[in-house]
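Work through these exercises with the sequence and the 3D view side by side. Try each task before you read its solution.

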Amino acid sequence: MIEIKDLTKVYGSGVGEVKALDHVSLRVRKGEIYGIIGFSGAGKSTLIRCVNRLEKPTSGSIKVNGQEITSLDEAELRASRQKIGMIFQHFNLLSSRTVFDNVAFPLEICGLNKKEINEKVIRLLKLVGLADKANAYPSQLSGGQKQRVGIARALANDPIVLLCDEATSALDPATTSSILDLLKDINRKLDLTILMITHEMKVISEICDSVAVIEKGKIIEEGLVIDVFTQPQHPTTRRFVQTIINTDIPDSIKERLLAKGDGQIIRVSFIGDTTDKPIISTLVKQYDIDVNILYGNIDQIQDTSFGMLIIECMGAKANCQRAVEYLQKQGLRIEVLKNV
Ligand SMILES: Nc1ncnc2c1ncn2[C@@H]1O[C@H](COP(=O)(O)OP(=O)(O)OP(=O)(O)O)[C@@H](O)[C@H]1O
């Protein structure tokens, strides 16, 4: 649905030159929610603003639904923008217009008649749960309600893509969750492709299917959310993951790794169904070893559970090794932290 290739954006020139995007390539599939995460100044806003051509890329290609948008003229751009909805961190509502009239605005520009506008606005306000606020003004709404108006307005022209620019950054955690639920609901009901930028890993973990991590204008890691969360490769990705999942080995275990002792200490990481298997009792029964659980945690990303156990296996060396092989065969990720 969105295909970005070698996208580069340079602001300014000479000594003042800033390379905000540096050969960025990524692909967003139809119907998916794709998150781009990065620290301040990483290039997120520039990237999303290039996709709807609020910024003109310096070089590279951006295709939305097969149409190259970097080379559109003004008229073509206006038509293309109708198919790309956008919501903003600070909502960007028109304060002198009611909720109804804010949502009606893009439809008026398109030349729909009053009856069509009325029907559509009412349907959209119902979709975002604001049917009873049609006559309110933005100043009379909470932040979450304002963003619901922003979402309804962005959907008015039946876009094929919705761009979200830090859409929940100005909201408290409970309101953030309700807006994310709404976006997920809309994504499912309308099969709408969503591209969102954020600096919050919570946003990515709650609703995104795929994620790209951007740093200094470059994509440094990309993949399905569950893969990136469970096996982050780049140190920056690890920092983001660490904000919501503790993958560190606790200090008390680190001390134990250095201490003398006979046991073999293993970190077992698991994803999905493998968590249902009685692996510990199998180790004890089949391999004639004692198993001591030193540490464990389980997290949930959307519908998939994953986590890690740090266990100590005590027994004959050969039996401990066979136990490790058994665990590996179960599709578990095994790291031997301390050998027998
Ligand atoms: N109009 C501009 N002129 C010059 N430099 C710019 C302009 N817009 C952005 N930049 C620079 O480009 C780089 C990327 O900025 P961008 O706003 O895309 O980052 P960001 O990841 O969205 O950051 P934030 O989360 O703080 O909004 C930064 O170094 C920024 O200073």
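**Exercise 1. The whole chain**

How many helices and how many strands does the protein have? Then describe its overall dimensions and its contacts.

Solution. Start with the source: this is a predicted model. Next, count the elements. The protein has 12 helices and 14 strands. Now frame the C-alpha atoms along the principal axes. They fill a box of roughly 80 × 55 × 30 Å. Turn to burial: of the 340 residues, 34% are buried. Last, take the contacts between residues at least 6 apart in sequence. Of these, 67% join residues at least 24 apart.

**Exercise 2. Two domains**

Find the domain bounds, then describe the side of domain 1 that touches domain 2.

Solution. Step one: mark the bounds. Domain 1 runs over 2-242 and domain 2 over 251-338. Step two: place them. Their C-alpha centres lie 42 Å apart. Step three: count the contacts. 5 residues of domain 1 are in contact with 5 residues of domain 2. Step four: look for the main contributor on the domain 1 side. Helix α8 (residues 225-230) gives the largest share, 4 residues. Step five: sort that side by class. It has 3 nonpolar residues, 2 polar and no charged.

**Exercise 3. An annotated stretch**

Which residues does the UniProt annotation "domain: ABC transporter" cover? Give the helix and strand content there.

Solution. Read the record first. The unreviewed UniProt entry places this annotation on residues 2-241. Then assess the stretch itself. Over residues 2-241 the chain is 39% helix and 26% strand. Finally, compare its two ends: the end C-alpha atoms are 26 Å apart.

**Exercise 4. Around the ligand**

Which element gives the most residues to the shell around the ligand?

Solution. Begin with the full shell. 13 residues surround the ligand, and the closest are Y11, A20, S40, S45 and T46. Now look for elements that supply at least two residues each. β2 (18-28) and α1 (44-51) both do so. Of the elements, α1 gives the most, with 3 residues. Close with the classes: the shell has 4 nonpolar, 8 polar and 1 charged residues.

**Exercise 5. Two unusual phi angles**

Locate N65 and E166, and explain why each counts as partly exposed.

Solution. Recall the usual case: most residues other than glycine have a negative phi. N65 is not a glycine, yet its phi is positive, about 50°. Find N65 in the loop between β4 (59-64) and β5 (67-68). N65 counts as partly exposed because it has 15 C-beta neighbours inside 10 Å. The cut-offs are 20 or more for buried and 12 or fewer for exposed.

Repeat for E166. E166 also has a positive phi of about 50° and is not a glycine. E166 sits in the loop between β7 (161-165) and α6 (173-190). With 19 C-beta neighbours inside 10 Å, E166 is therefore partly exposed.

**Exercise 6. The nonpolar cores**

How many residues are in the largest nonpolar core, and which have the most contacts inside it?

Solution. Count first: the largest core has 70 residues. Then list the best-connected ones: L47, V103, A152, L163, I194 and L195. Pick I194 and trace its partners, leaving out residues up to four places away in sequence. I194 touches I33, Y34, L162, C164, L183 and N187. Now look beyond the largest core. Apart from it lies another core, of 17 residues, including M308, I311, C320 and L327.

Note on methods:
Residues numbered from 1 in each chain as written. Predicted model: local features only at pLDDT ≥ 70, side-chain atom pairs only at ≥ 80, totals over all residues. UniProt positions renumbered as here; feature names shortened; annotations may be inferred. Domains from an automatic or database assignment. Contact = placed C-beta atoms within 7 Å. Nonpolar A, V, L, I, M, F, W, Y, C, P; charged D, E, K, R; others polar. Near = placed C-beta within 6 Å. Core = buried A, V, L, I, M, F, W, Y, C linked by C-beta atoms within 7 Å.
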